[in-house]
Each structure stands twice: as C-alpha cells, then as structure tokens.
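Colleague: Could you walk me through this structure, one question at a time? I am happy to start with the basics.

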Amino acid sequence: MSALSIKNVTKSFGENHILKGISLEAEAGEFIALVGPSGCGKSTLLRIVAGLEGADSGEIVAGGRDLTRLVAAERNVAMVFQSYALYPHLTAGQNIAVPLAMRNLTSMQRLPVIGSMLPGQREIRKDIMRQVTDMARSLKIDHLVDRKPGQMSGGQRQRVALARAMVRQPGLFLMDEPLSNLDANLRVHARGEIVDLHRRAGVPTLYVTHDQAEALSMADRVAVMMSGSLLQLAAPEVIYDDPAHIEVAKFVGQPRINTIASRVDADGAVTLGTWRLQPHETLAPGSDITVAIRSEFLSIADMGTPGLPAHIERLEFLGSEVIVYTKLDAIGESMVVKLAPSEAKGLVAGKPVTIVPQGERLMVFGADGARLRADLTFTTLLERAHG
Amino acid sequence: MTQTFTLGRAIRLTLLSLGALIFLAPYIFMISTAGKGQSEIFTSSLSLIPTQFFYLENFAKAFGRVSMGTLLWNGVVVCGLIFVFQVVIAIPCAYAMAKLKFGAARLLMALVMLGLLVPIHATSLPLYVAFDSAALLNSYTALVAPFSISVFAIFLFLQFFRAMPDDLIHAARLDGMSELGIVMRVIVPNAWPAITAFAIFSVVAHWNDLYWPLIVVSNQAYATPPLGLLFFRAAEAGDDYGALMAATLIITLPLVAAFLLAQKRFVEGITMTGLKG
Amino acid sequence: MADMTAISLPVEKSRPIVNVSERHEARVAWMLAAPAMILIILFIVAPVIAVITLGFTDFELGYSTFKFVGFENYAELFGDRTFRQSLWNTAIYTAIVAPASILLGLGVALLIESETVGRSFFRTAYFLPVASLLVAMATVWQYLLHPTIGPVNNLLNLIGLPGPNWLGSAGTVLYSLSMIGVWQTVGFNMILFLAGLTAIPRDLYSAAEIDGAKSSIDRFFLVTLPMLGPTTVFVTTISVINAVKVFETVKTLTEGGPNKASEVLLFTIYQEGFVYLRVGYASAMTVVFLAVLVVMMFAQYRLVDRKVHY
C-alpha cells in the first residue's frame, strides 16, 4: 500500500479545467517534485491534498486514511508556503509552537489571558516549549526564537517555516515553491538542506516548483504537469533521457531540446533536411512527427563530413561548456549544440560546418505530442539524399 | 458540515440585511416624507408611499424659501477654490521636502506634524477676530483662506513622492527641466491617484463643514449647503417636515450621487486618506 | 612641476562648484516650500500662539482694550458648571460612540468580507451616511425621532411601547445624539477595517488551517485580530478624536439643551466665543480642547510604537 495516493482528482472553475483527472502514488519516505509552467495546476493539486481547496471529484488517501472529506486541520499534513506565511506578530519560537498549541491545548486554554490561568495547561506549554527548542536547535535557528519574522532574513524565515512544518511530525509534507523567494546562491544551498531534512523525517513529500533544475536535483521522482494533466511521473534520469511527451522533453533541460517538425514519407522513411532516416519500426506514412535531440548529443565537424550542413550564428562561452547556436542550411531550423570548450576551438560565427547527431539519441514524437516508442533508435543515418 | 454552513450564512445575511435596513431607513423616510402633505405627515408617518403626491409643492416651498441654487453654487465654489489652493500650495512643498535637500526641511516636517494635530476649531477664535477686524466676514475669502493650506495634503503627497524613484527626477534634470518643470510635467502626472484621493477627502470634508461657515457667514448670499439648511430650518417656523425633507433631499443629493457614481474611487480615497477623519 | 599645478588647479576649483549646485537646490527648495510655510505660520502657528495668549486675557470682542489676567480664566473654567457639564457630556458621548462605532464597524466589515452575495450593496448601504451631509441627515433624524409624529415612536406604539421624547428630554437626549453619531461613523470605520482585512495575506489563513486552526473563531484569534492591530489603533484614534469634535448634530438639533443636557465641548466654545463674544474665556476652553487632542494623539503614537511592531 502506498503512503499517499491521489486518485483521479479533477477541479474546474466554470469552464476552466484546472485539473483533468490527476492520479499519483507516493511510497513511504518518497520525495516527489510536481513541476510545470505556471498555471499548469500543480499548486492547486497541492492545495487540494492539503485540504485548503476541495476537489470536484477524486480521492486522496494517505497512510491508510481517506483524507478526502477531512478539513485541513484534521489531515495532519504540514505545508511550507512560498511566502513562508509566518505570523508576523509572533516570534519565531511562537510561530513554531502554533501547530502544537492547536493540537495539544483546548480552545479555552488557548485564550490570551484566561487560558494561562486554567489548570493543567502549564505542563503542556512546557512540553511544547521543549519541542520547539529541540526543533530550533536541530535546524540551527535556536538564536532566532525570540525574533519576529520582520527582523529576519529570507533564509532565516525559510528555516522557521520549515521548523513550524516539521515540529508536529506530520504524515505528509507539502512544499509550495519554498525556495523561490531566496537569492540564487542561497537557493542552491537550501536545496541540499531540504533533501537532508526530508531524509531525516522520512515523510512522503510533495514539492511544487516551476524550476526544472530544482525538481531534477532534489526529487526521487518528478511529476511533470501541463495544463491540468500529468504528462509523466518518473525518476529524474528517465524524465530527462526518456521523456514520454514532447512537452516534457521541452520543459526539462537547459538549453532547450532541439526539435524539427517533419512528416513521414510514403515509404515510411523520414526526410530531415538533406538526410533520410530509416526508422527501426514502421511509422504511418504521411503522419506529422517531431524529431528531437538534446544539444549534448550533437557534435560539430568540418564541412564535407556526413551530417547536416549548417552555419554557426553565435557562440556562448559558459566556462565548462560552449553553447553553439547554428542554423541548418537546408531547412533554416535552429540547432543548438553543447560542446566542451576544447571541442569548440576554431569555431566562429558565420563559419559553415556539419552537425553530426548521435543516431540512437534521436527521439520521435507524434502529432499529439506523445512519444512514438516504436522507433526508439534509427538504424543509421542513411546516405545523403542527392542534394 | 454543510448544514452549519448554510445556517451560518443565513444568520450572516439576516444580520447584514437588518443592519442595512436600519442604516438606509433615514433615506427611505426622507424620500417618502418629501412627497407627503402636511396632514398625512401628522396622521400616518409609517406608510412609505404618500397617498397623495405633494412632491411638487414641497420642492417648490424648498426652492422658494431659500435660494437652493445659490447654496449649491456656493458649495461648489468654496470646495473648488479650497481644493485648488490646497493642491497648488501643497504639491511643490511636498516635492521639495521629499526630493530636495535644504536646511528647513526638518523644521517644516515638525510644522506639518504639529499642524496635523490642530483642527479649525482650535484656531477659529483668533482667525475670526482677524477676519472681523479686516472686515472680511461674509465673503468667499473668509470661507476659503484658512483652508488654503492643508498640512494633511502635504503629508499625503510627501508619502507618495518619497515612493517615487529618484532616478525619474535625475533623468528629468538631465533632460534640462527646471525644478518647477519637474513638478508640473513629471510629478503631477504621476501623482493622480494621490490627488484624486485627496480631492475626495477635501471635498467631503468642506462640503459638510458647518463650524467655520457658521462663524464667518451670517449673510445668506454666502451660505454653504449645511449653513443654508440651518437658515432654512430657522425660517421654517412650524413642523413643515414635507418641505424640510424636500430641502434636505436637494442638499444631500449632489454628494450622495457623486458617491454612488464613483463608489470605487470614494472607497479608495477614504482608505488612502483615512488618517485625519 | 608645471604640469602638476595645471592638474591640481581644476581640482581645487571643483569644490565651490559642488557648493553652488547644492546652494541652488536649497534655494529652489525654499522657493517651492515658501508659500506653504508662510500659510502654515499664518493660519496654524500664529493662531495657536494667539489662542494660548488670549487664554490669559479678558479679551472680549467689541471692547477695544484688554488686560492679562493670568490663570483667572482657567480658575473660572473649572468652577464653571456649564463647562464641567460640557466636558462630562463630551466624555459620555465619546465613551458611547467610539467603542460602538469601532465594534460595529469591525463586525460589519467581517460579515461583509466573509459573504459573497451583495458585498458592494452592503458596503454602499453602510457607507452612505459618511457621504451624506450631516446637518441634513440630522434633520431627517429629528423627524424620525419626533415624539408624536416620528416614525420611530409610531413603530414603538404599534408594538405597545411608550416612545420617549428622544431629543427633547434631558434623560435621553445625549443617548439619542450618540445613536446618530454611531449611525454616521460606522461606515467609515467599516471601510478602514475592510481595507485592513484585504491586506491580510491569504497564505496566513491557509497556514492557520494547516496548523490546526479548525474553526473560523480559531483563525480569527490567530490571524485576523492580530493582523488588524495597526488598523484598530488607527481607527480607535480617529473615532475618539471625531467623537470629541461632535458639533453639527448638537448645533442642528438641540443647541445644547434641554437644560444643558447635550452641552458638548465645541458647542460651549462656540457659544462663549462667537455668541457671547467672550474671546479670552473661550480661548482658555480651546486650550483645554487642544490639550485633550494632543494627549490622545500622543497615546496613539506610544501604542503604535509599542504594540504594532512586526
């Protein structure tokens, strides 16, 4: 039995279908990143799991409990918000204590003045204080507990928000872009910290982000969402190397994957510029397809070598690699090639070259965007079509 | 759960509706009574629709006893003049305080903060003595002059200008504009939200003000709407509530209509200038 | 050597250039601020000084001479039964109108905020009195509260209750005026509270729900009330100051009567200063009025500094 299962969740606002039936299973202790462009429904899905919004249909089960009809407070989930959502009038310590106070104190005991006079609450409060201190110490924010959010830096607030989420030992951990308000340096550092914390807590985690690099680097599995549908849920390597959908391939990876629109010829072969490619298995003749290949699986050779003739338009030197922007001579499509600096020696803008793809890395997608599995590899790049 | 939800909402809507009814009752009775004849007012005050329509008669009386046109005109002139003076004087000052360096800025800030504390009621005695000895009572000057300076306007614009980027002004200077040119062509066009908010605040405050007009004006020719209504009440010896309600309706209408038409701006303006009530 | 002097010369010259541009900026600033400054001195500073000075004289309008009488006016003030009554009435009026209009304003704002239907209608309805001419609406209230022909008493009679003489009897007049005062100011406070409520980040409510604040009452105490802190301090100050400045309704409806039962501070000052023309004496009263305002503003600054610091 999985630790969290989301079954066929839908949500619409009027004619606007935000979620078109999302299903997803997470194992115990698994870290799943929900990634996609803004407006794809990932945050809505997270808020539905949290109980902050209701789904139109579908089911959410966690740890054997059906959460679908429970309010947020009863679900024992923790959430870290993009804005951190710390209570500005409470100190860091008081912020961390809120979930415990809500759970362990009665509503009478929580009243401002009267509450502190009721019997029995002192021990509970002491216990809460102890847990807060422990949590603050383990996140190395014990020196901040008496400060209010307004007096803390972004990174410190983020840690307080994490502490508030973790202190009550939730059954499920939800994070809504928790790093997007940090500056670039801090963000990379915080990625490692969150993964670390997650490993220690061992709680299934849903992590929403629009940053594909964040998703790939942190998650056990990545769920790529586009306009309300879950396109692929798989390990980061699979998402990158073996995307199930053209949109997934385009969304993941920097620079963006090279794509060339084409059509299957009458004999089942594919013409790519001056090349004809013979797929491994048959494609329906006449159907529209997209051929895609990542920039690192292209190389540049001298003019005259078998390959795709092109002109270099522009070079970007990035230190450990060089990005070469080219334009194919035959069909005018842009091709981006990623090279090691040593391979880029002697390349200048305007130079005519030949681009050589690694044949087994070419991917073909159908008109609906789905990957055409049948032809994972092209047998070879065939001979130059007379041109 | 859904049960308590609907019950809660029912209670909420009932409370809101009852409250709204109480708050609107005076307007309902004002409109109803303005159309009733003397005898009906005395016999059945609870029926809302007049059995016989006396609207024409009552409005004729209201227009006959006091020159309503003059009152409304005075209100427009006085509020308009006050607003123009306040803005023309406050904006350059607020700009200088927000964006220019000069020695008196701190003193000026202290004066503004002090000024925020002092309402017209506190300065009216010496001002009255002064206007009296200058023989300026019963004039537009007396009605407008004390309000030509609004420290609140300076305060509001100051906050607004401080939030404007310095680079905007530096760029204007490099383009060769004079400081006055900057105020007119860069600051003012960008300050419209603050200016409209202040306009609403200022007009509401001075259209409604009774205290100062009551002190400096005894001649009906210069009466503002609230003062005029007071005169009308004095002239109306008996309980001719029909005519009185008609007059009330006429005098209340302009500002209420303005509010209903530009509700969003009104609310924004009140929110922005909420400070000094 | 010759080169070096040639280089150092412009450097020395450049210092006064900076000063010239700073002086120019200061001069322009002075010119822009001068009209405002002169008018502030003319219409605010000078009159305040004059009122304080006049408070120590026996100046009366119409007499050409006056003399300084020290604290005589103040001594008379605190023996003056009208003035004491007036202070007391103002205090009662404020003690009713300020809390009632704040609580009702908050209540209405909360109800409207949590309701989806008819929001703008309700907002308009409650705000209308703020946009209406108070003198005019006071006249309408006078009719509504008329002891014999007024709809309010007719309504009470209908359900068998005797209607009081709202504005005409010393026992009820202050409460009736307070009621009108509350009616007039609730909308204003409501708008400010609504603005305060909209400014609360939605995420805080989500966080509170996740943290276990199940009921809306829990969330009110955890999020809404603390987050409205600054607005509340602010609304309180305005409400108190406006209540202390009550004048229009008293002047229009009761002239302080019956039997001084609705005599309030500004009305007393108005009577003494502009009807009896005892300027010196009225000035002393004005100083007391001003002192009350200063104390209340000061209390607000302190409260804001202490409590509402995030």
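Colleague: How many helices and strands does the secondary structure of chain B come to?

Modeller: Keep in mind that this is a predicted model. Counting along chain B, there are zero strands. The helices in chain B come to 15.

Colleague: What is the radius of gyration of chain B, and what does the globule rule give for its 277 residues?

Modeller: For 277 residues the globule rule gives 19 Å, and chain B is well over that, so chain B is more spread out than a compact globule. Along its principal axes, the C-alpha trace of chain B spans about 75 × 70 × 30 Å. The radius of gyration of chain B is 24 Å, against the 19 Å of the rule.

Colleague: What share of the residues in chain B is buried?

Modeller: Here a residue is called buried when its relative accessible area is under 20%. Of the 277 residues in chain B, the buried ones make up 53%.

Colleague: Now to a single residue: is T57(C) buried or exposed?

Modeller: Let's first place T57(C): this residue is in the loop between α1 (2–54) and α2 (72–79) of chain C. Its relative accessible area is 1%, and buried means under 20%. Therefore T57(C) is buried.

Colleague: Which backbone oxygen does the side chain of T57(C) reach?

Modeller: T57(C) has several contacts beyond its neighbours within four places in sequence, including F66(C), N73(C) and G280(C). For its side chain, the distance to the backbone oxygen in question is 2.8 Å. That oxygen belongs to L54(C).

Colleague: A85(A) and N259(C) both caught my eye. What is the phi of A85(A), and what is the phi of N259(C)?

Modeller: Most residues other than glycine have a negative phi. A85(A) is not a glycine, yet its phi is positive, and N259(C) is not a glycine either, yet has a positive phi. The values are about 50° for A85(A) and about 55° for N259(C).

Colleague: Where does each of them stand, buried or exposed?

Modeller: A85(A) lies in the loop between β6 (77–80) and α2 (92–104) of chain A, and its relative accessibility is 4%. N259(C) lies in the loop between α11 (248–254) and α12 (265–275) of chain C, with a relative accessible area of 71%. So A85(A) counts as buried, whereas N259(C) is exposed.

Colleague: One last thing: is the peptide bond from Q254(A) to P255(A) cis or trans?

Modeller: Most peptide bonds are trans. P255(A) sits in the loop between α9 (246–251) and β11 (258–263) of chain A. The bond from Q254(A) to P255(A) has omega near 0°, and is cis.

Conventions
Residues are numbered from 1 along each chain as its sequence is written. Chains are lettered from A and ligands numbered from 1 in the order in which they are written. This is a predicted model: local features need pLDDT of at least 70, side-chain atom pairs count only at pLDDT 80 or more; totals for chains, interfaces and linings use all residues. Side-chain values use heavy atoms; hydrogens and water are left out. Helices (H or I, at least four residues) and strands (E, at least two) are DSSP runs, numbered from the N terminus. Buried means under 20% relative accessible area, exposed over 50%, partly exposed in between (1.4 Å probe, protein chains only). A polar contact is a pair of N or O atoms within 3.5 Å; within protein, one must be able to donate a hydrogen and the other to accept it, and residues adjacent in sequence count only if both atoms are side-chain atoms. Contact means heavy atoms within 4.5 Å. The radius of gyration is taken over C-alpha atoms; the globule rule is 2.2 Å times the number of residues to the power 0.38.
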